[in-house]
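Q: I have a structure on screen and would like to learn how to read the place where a ligand sits. Where do we begin?

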Amino acid sequence: MSSEFKKNHVVAIDDFTVDEIRTILDLAEEMTPIVEGKKINKDFEGKILATLFFEPSTRTRLSFEAAMKRMGGRCIGFARPGTSSAKKGESLADTIRVAAGYADMIVLRHPQEGAAQLASKFSDVPVINAGDGAGHHPTQTLLDLFTIRKEKGSISDNHIGIAGDLKYGRTVHSLTKALSMFETEMTFISPPSLRMPKEIIDMLKRKGVKFQEVKNIEETLSNLDILYMTRIQRERFPSDEDYKKVARSYHLEREMLENSKDDLKVMHPLPRVDEIKADVDETPKARYFEQAANGVPTRMALLKLLQEV
Ligand code: CP
């Protein structure tokens, strides 16, 4: 499997088989003592990771950089396109060609769907998609799966509620595809205008995955093992008027959790705005900050498998 990884880029979660996902998650578990500073690792000494972020990020960029540095590597890159020559009109293809000459791997976030796919055609070093518009966010999904397995003991046999911006949300598109590879049930919770895209619903039907679509969290909360909340993403709407029609259309607060299973876990890729009230944070059900921390071992595992060091 790792020789396949060496040749490949990571554009979408569909690039992986179930066995490959399990290999990444198993290796991520082994990385935990390094993340905690209990073990020193220098596997990436002399290696360089380029993080090219054409869109804002806190977790994805910092956790990739922490992952690389925890293994003795170094990082170059930019966090704002305004500080790169994209500002002067350089094409993405040229930026990628150049960065591939400076680094051993490239992590790319870009507002255009399909940007990582395009970048992979112009790079002879691995390109990792760190989010392309409303398209894919495969490494978020890997850490989500790692979190589900850690919290619940397995990915299969869970009923997962996925709430929020299901239309434009790349994290939930990738997560739904991944969960469909396991024995799970899903309930999609969103305003009617932000439902899961038809092609994903059709894929679930073809595969015979059990799922429902509902409008409110309260309709389904008591059935769920995991509630995966997401932000209504203002930046993805065609106009602010469209955004305002659905903004604040749902939220989770502590009182609502009284009507949930004792072992429910609440996840969120973050950032949140107002969809999870702060009073949920102190409950043992809130796992979103642990989820964000899981980005480091998961991305360490992925980097290692891609680089075969
Ligand atoms: N979850 C996630 O992608 O967060 P950032 O946008 O902060 O990277």
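A: Begin with residue classes: Ala, Val, Leu, Ile, Met, Phe, Trp, Tyr, Cys and Pro count as nonpolar, Asp, Glu, Lys and Arg as charged, and the others, Gly among them, as polar. Note also that this model is predicted.

Q: How many residues of each class are in the shell around the ligand?

A: The shell holds five polar, two nonpolar and two charged residues. Its members are S57, T58, R59, T60, R109, H137, Q140, P269 and L270.

Q: Which atoms of T58, R109 and P269 come up against the ligand?

A: Look for pairs of N or O atoms within 3.5 Å. A backbone N or O atom of T58 is 2.8 Å from a ligand oxygen. For R109, a polar side-chain atom lies 2.8 Å from an oxygen atom of the ligand. P269 has a polar backbone atom 2.9 Å from a nitrogen atom of the ligand. Of the 260 Å² of accessible area that the ligand has on its own, the protein covers 91%.

Q: Why does the ligand lie between domain 1 and domain 2?

A: Because both domain 1 (2-136 + 293-308) and domain 2 (138-292) give residues to its shell.

Q: How is empty space found, and what is there in this case?

A: Rolling a probe the size of a water molecule over the atoms shows where empty space is left. Here, the ligand takes the space of the largest pocket. There are also two cavities of 30 Å³ or more. The second largest cavity has about 30 Å³ of space, and its lining includes R59, Q140 and P269.

Technical notes:
Residues are numbered from 1 along each chain as its sequence is written. This is a predicted model: local features need pLDDT of at least 70, side-chain atom pairs count only at pLDDT 80 or more; totals for chains, interfaces and linings use all residues. Side-chain values use heavy atoms; hydrogens and water are left out. A residue is near a molecule or strand if one of its heavy atoms lies within 4 Å of it. A polar contact is a pair of N or O atoms within 3.5 Å; within protein, one must be able to donate a hydrogen and the other to accept it, and residues adjacent in sequence count only if both atoms are side-chain atoms. Accessible areas come from the Shrake-Rupley method with a 1.4 Å probe; for residues, only the protein chains shown count as cover. On a 1 Å grid over the protein atoms alone, a cavity is a set of points where a 1.4 Å probe fits but cannot get out, and a pocket is an open set with protein on both sides within 12 Å along at least five of seven lines; lining residues have an atom within 4 Å of a point. A molecule sits in a cavity or pocket if more than half of its atoms lie within 2 Å of its grid points. Domain bounds come from an automatic or database domain assignment. Grid points are joined across faces, edges and corners, and a volume is the space filled by probe spheres set on the points.
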